[in-house]
Amino acid sequence: MVGTSAVIESMSSAVNGKEVAEVRFDPTAVVPELVPAVVKSEGVDAAVNGGGEEQKREIVLGRNIHTSSFSVTEPDADDDSTGDKEAYMASVLARYRKTLTDRTKYHLGYPYNLDFDYGALTQLQHFSINNLGDPFIESNYGVHSRQFEVGVLDWFARLWDIEKDEYWGYITNCGTEGNLHGILVGREVFPEGILYASKESHYSIFKAARMYRMECEKVGTLLTGEIDCADFKVKLLANKDKPAIINVNIGTTVKGAVDDLDLVIKTLEDCGFSHDRFYIHCDGALFGLMMPFVKRAPKVTFKKPIGSVSVSGHKFVGCPMPCGVQLTRLEHINALSSNVEYLASRDATIMGSRNGHAPLFLWYTLNRKGYKGFQKEVQKCLRNAHYLKDRLIGAGISAMLNELSSTVVFERPKDEEFVRKWQLACERNMAHVVVMPSVTVDKLDNFLDELVEARSIWYKDEDVKPPCLASDIGSKNCCCPQHRMIS
């Protein structure tokens with residue numbers, strides 16, 4: 001680490017006849033060295049090397065890249081009396097908070113609702129709350145929040161039309177865990193089944209296939225990003241002798257596309273798959289909670305022959321820590337369940353210990369907002385997403401917005417520093433903004449003004465042209481020079 005000699009004072013002492021080095025912590029020297037600068041408003045936060053040159057961020061497979069870290073050091077013997085270590089740590093945390101505040105101002109590319117206030121729950125942060133085991137069977141560990149967890153699960157059961165005595169579920173540690181559990185249930189119901197998922201499904205679906213050593217068929221997609229049921233049919237007919245386990249996307253990762261659940265079911269039936277020969281998991285990470293409040297949107301409901309649904313709690317809901325909700329039919333869960341004497345409970349979850357604070361945050365938000373509150377927020381997100389798409393097109397920038405989505409796909413910015421500043425998620429020539437309740441029109445205007453100004457610099461040379469997105473979002477949504485001339 002640069003400047004280590006200025007921070008650490010070494011001394012020698014004898015222990016068992018051997019000379020050993022002691023390290024004395026000097027907090028006055030540490031603060032300027034270990035605490036990184038607050039991210040600048042222009043978004044440049046690259047690491048600086050010894051020569052004063054900015055280091056480009058790179059993704060390197062196979063090795064760890066340590067750009068910066070806060071070292072863990074041993075306290076001095078007199079720290080309890082001087083309080084120097086506490087003061088140092090307080091300064092680190094204060095600076096870190098400023099960095100978080102600044103980065104939150106420029107957050108557009110990932111589906112997190114940053115508009116929340118859980119001050120009322122700080123009184124519970126002094127407890128180690130653990131919901132280990134089955135949510136419906138209390139274990140010997142008494143510091144839990146099962147009563148809140150089951151209340152949240154019942155709320156989602158009503159949302160997705162399944163009776164209390166017909167479902168089983170739990171609050172997961174993240175959206176990926178919900179997918180891992182849903183696919184696992186499908187695999188346990190049909191051990192010889194083949195997993196079908198569109199190529200634009202979340203990477204956790206294919207992670208599940210690898211983890212469970214499942215045969216997996218990637219299905220093509222339409223330009224919108226939703227599953228291509230014609231290709232799905234071809235792959236089903238080629239494997240008619242094996243049951244089907246299907247992942248249906250309620251909002252794909254990049255384009256926010258919603259797979260047509262009814263058409264997926266019809267395709268299965270047309271290919272000769274009866275309801276007892278297929279299992280459908282619905283990955284509703286973001287839009288699974290938004291779609292019920294969108295007029296004319298198809299329903300995700302257990303009244304249809306689906307096996308499970310999962311959503312994330314840290315996305316649209318706005319929990320401050322990753323979490324999610326996974327619901328499945330009670331009849332399927334016995335294949336996964338096992339009694340655990342140590343817990344005095346049953347367990348059918350992926351993880352052992354589960355965050356007992358997450359149910360409190362979910363319960364608190366669901367009670368404060370209710371169905372009407374979520375409906376208002378969904379309408380706001382969709383309205384602002386259309387505003388962003390229209391302004392992009394008006395500025396001559398390729399853009400697409402799916403009908404049931406708040407994810408606006410557009411031309412990938414040429415400058416990676418611009419991408420990093422606004423924390424945009426990118427794939428090939430595409431980038432996207434996920435319009436969440438915390439994304440205001442003013443924030444979108446600032447982003448658009450900066451983007452338009454930056455493009456005037458990137459493309460001032462006539463030989464440098466914006467990328468063509470026709471193959472990604474369709475020629476009618478592409479504003480590249482070639483397709484702009486055609487239109």
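UniProt positions are given in the numbering used here, and annotations may be inferred rather than shown by experiment. With that convention, an unreviewed UniProt entry places the feature "modified residue: N6-(pyridoxal phosphate)lysine" at Lys-315. The structure analysed is a predicted model.

The chain holds 15 helices and 15 strands. Buried residues make up 50% of its 487 residues. The accessible surface comes to about 24,700 Å². Carbon and sulfur atoms account for 51% of that surface. Among contacts between residues at least 6 apart in sequence, 69% join residues at least 24 apart.

The annotated lysine was examined next. Lys-315 sits in the loop between strand 8 (308-312) and strand 9 (324-329). Its relative accessibility is 13%, so Lys-315 counts as buried, the cut-off being under 20%. Neighbours within four places in sequence aside, Lys-315 is in contact with Pro-111, Tyr-112 and Asn-113, and also with Ala-285, Leu-286 and Met-436.

One of these partners, Tyr-112, belongs to a second feature. Tyr-112 lies in the loop between helix 4 (84-105) and helix 5 (146-159). Together with Tyr-110, Leu-114 and Phe-116, Tyr-112 makes a nonpolar surface patch of about 330 Å². The relative accessible area of Tyr-112 is 31%, which makes this residue partly exposed. Patch membership requires over 30% relative accessible area. Tyr-112 therefore meets that requirement with its 31%. The contact list of Lys-315 thus includes a residue of the patch, Tyr-112.

Strand 7 (residues 278-283) is mostly covered, with six of its six residues buried. Phe-278, Ile-280 and Cys-282 point one way from the strand. Tyr-279, His-281 and Asp-283 point the other way. Both sets are buried. Strand 7 pairs with strand 6 (residues 244-249) in the parallel sense, over six bridges. Within this pairing, Tyr-279 is the bridge partner of Ile-245.

Helix 11 (residues 358-394) contains Pro-359. Pro-359 is buried, at a relative accessible area of 0%. Its contacts, sequence neighbours within four places aside, are Asn-131, Ser-145, Phe-148, Glu-149, Val-152 and Ile-171. Pro-359 and Cys-323 are 36 residues apart in sequence, and their C-alpha atoms are 8.8 Å apart.

Helix 5 also carries Asp-154. Asp-154 counts as buried at 14% relative accessibility. Leaving aside neighbours within four places in sequence, Asp-154 is in contact with Lys-164 and Tyr-167.

Backbone geometry was inspected for unusual phi values. Most residues other than glycine have a negative phi. Asp-161 has a positive phi of about 60° although it is not a glycine. Gln-423 is likewise not a glycine, and has a positive phi of about 50°. Asp-161 lies in the loop between helix 5 and strand 3 (167-172). Gln-423 lies in the loop between helix 12 (416-421) and strand 14 (425-427).

Charged pairs were then surveyed. Side chains of opposite charge can pair when their charged atoms come close. The count comes to 19 salt bridges. Asp-161 forms one with Lys-299, the closest N and O atoms being 3.0 Å apart. This pair links distant parts of the chain, 138 residues apart. Lys-299 lies in the loop between strand 7 and strand 8. Asp-161 is partly exposed at 25% relative accessibility, and Lys-299 is partly exposed at 48%.

A salt bridge within a helix joins Asp-231 and Lys-235, with closest N and O atoms 3.0 Å apart. Both residues lie in helix 8 (residues 229-237), four residues apart, or about one turn of the helix. Lys-235 counts as buried at 19% relative accessibility.

Arg-428 forms a salt bridge with Asp-472, the closest N and O atoms being 2.9 Å apart. Arg-428 lies in the loop between strand 14 and strand 15 (430-434), and Asp-472 in helix 14 (residues 470-473), so the pair ties together parts that are 44 residues apart in sequence. Arg-428 is partly exposed at 48% relative accessibility, whereas Asp-472 is buried at 6%. Elsewhere, Arg-391, Asp-445 and Asp-449 are linked in a network of salt bridges.

Definitions and conventions:
Residues numbered from 1 in each chain as written. Predicted model: local features only at pLDDT ≥ 70, side-chain atom pairs only at ≥ 80, totals over all residues. Heavy atoms only, no water. Patch = residues over 30% accessible without salt bridge, like charges linked within 9 Å, V, L, I, M, F, W, Y side chains within 5 Å. Areas by Shrake-Rupley, 256 points an atom, 1.4 Å probe, with all protein chains shown as cover. Salt bridge = Lys/Arg side-chain N within 4 Å of Asp/Glu carboxyl O. Helix = DSSP H or I, 4+ residues; strand = E, 2+ residues; numbered from the N terminus. Buried < 20%, exposed > 50% of the residue type's maximum accessible area, 1.4 Å probe, protein only. Contact = heavy atoms within 4.5 Å. Pairing = 2+ DSSP bridges.
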